[in-house]
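Colleague: Could we go through this chain together, please?
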Amino acid sequence: MDLTTAQLDFYNENGYLVIENYLSEKEIEILNLELPKTIEKDSPRIILEDNGTVRSIFAPHFINETYLRLSRLERFVLPSRQLIGNDIYLHQYKINTKKGLKGDWWEWHQDFPYWHIDDGIKEPEMISVMLYLQDTDSSNGALLLIPKTHKLGIVKFADKGPAKGPLKYTDHLKNRDYLSSLNADIKFTIDHDLLKDLAIKNGIVTVSAKKGSILFFHGNLFHASNINLSPFDRDAVLITYNSINNLPTNTENPRPEYLVGSDYSPIQILEPTI
Ligand code: 6CS
Ligand code: FE
């Protein structure tokens with residue numbers, strides 16, 4: 001269950017690690033069958049694309065037992081504890097559904113700035129675990145990343161200018177304050193000159209992999225994904241674990257628990273399978 005020294009070395013050097021055939025065909029089949037049961041109509045947990053299709057389903061474990069067990073999977077928790085070097089709790093849980101011909105892009109960004117600035121988490125002692133629910137490649141919007149950028153800390157943001165007019169999701173006014181962290185026009189993206197420098201230096205990796213594959217990646221790693229121009233869905237589960245010694249400190253205007261978790265006790269229950 002634990003990662004090998006070679007895997008740990010690769011992650012520490014590059015900021016990510018891909019392992020194929022991590023969950024079985026059967027487990028992936030169950031997760032795909034259960035996916036529609038994680039959607040509550042009109043819930044703020046559900047983020048829509050401009051075209052009305054679902055972009056993200058946050059906190060699927062709130063209403064689905066199978067996805068709750070997935071968040072406690074031994075094959076997720078033990079390696080994440082190893083990579084963080086401490087006991088962990090679940091910080092954020094989402095299913096990013098990039099539907100065929102409908103799913104929008106994610107501009108180049110780092111994740112940690114959102115957790116540091118929006119949630120007040122001090123250090124990037126965090127790990128995101130991305131599970132592929134379908135075969136994924138460049139045609140259906142596979143994640144792109146620039147290796148080694150996790151070592152740069154929070155980098156200079158692109159100047160996106162004033163917010164682009166009124167929000168397009170009138171039916172989601174309840175979470176209007178958070179959409180610029182979650183929609184296809186996210187507020188903290190990477191300065192383009194810096195992005196070009198690092199792309200020339202370290203290259204861009206397209207993380208194509210079969211369903212059942214897993215990607216562990218660091219909160220400061222540069223990453224993005226394209227719109228899905230194929231007719232094939234690209235759904236992925238993303239679970240972010242955080243060290244129990246690195247809790248959110250934003251008590252002024254904390255984001256809701258479907259974005260920042262609420263149970264800060266160390267994950268003890270470990271599921272051998274979903
Ligand atoms: O705001 C957040 O927590 C989310 N937003 C982005 C762009 N990445 C990290 C996280 O999923
Ligand atoms: Fe991200």
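Modeller: Accessible areas come from the Shrake-Rupley method with a 1.4 Å probe, and for residues only the protein chains shown count as cover. On that basis the chain exposes about 12200 Å², and carbon and sulfur atoms supply 55% of this area.

Colleague: What kind of model is this?
Modeller: This is a predicted model, in which local features need pLDDT of at least 70, side-chain atom pairs count only at pLDDT 80 or more, and totals for chains, interfaces and linings use all residues. Residues are numbered from 1 along each chain as its sequence is written, and side-chain values use heavy atoms, with hydrogens and water left out.

Colleague: How much of the chain is buried?
Modeller: Buried residues, meaning those under 20% relative accessible area (over 50% is exposed, in between is partly exposed; 1.4 Å probe, protein chains only), make up 53% of the 274 residues.

Colleague: Turning to rings, how many aromatic pairs are there?
Modeller: The whole structure holds 6 aromatic pairs. Rings of Phe, Tyr and Trp (its six-membered ring) pair if their centres lie within 6.5 Å; planes under 30 degrees apart are stacked, over 60 edge-to-face, and the rest tilted. One of the pairs is Y114 with F188, which is tilted, at 4.9 Å centre to centre and 45° between the planes.

Colleague: Are Y114 and F188 buried or exposed?
Modeller: Both Y114 and F188 are buried. F188 also forms a stacked pair with F157, at 4.7 Å centre to centre and 15° between the planes. Ring pairs thus link Y114, F157 and F188 into a cluster.

Colleague: Why is F157 classed as partly exposed?
Modeller: F157 is partly exposed because its relative accessible area is 28%.

Conventions: Chains are lettered from A and ligands numbered from 1 in the order in which they are written.
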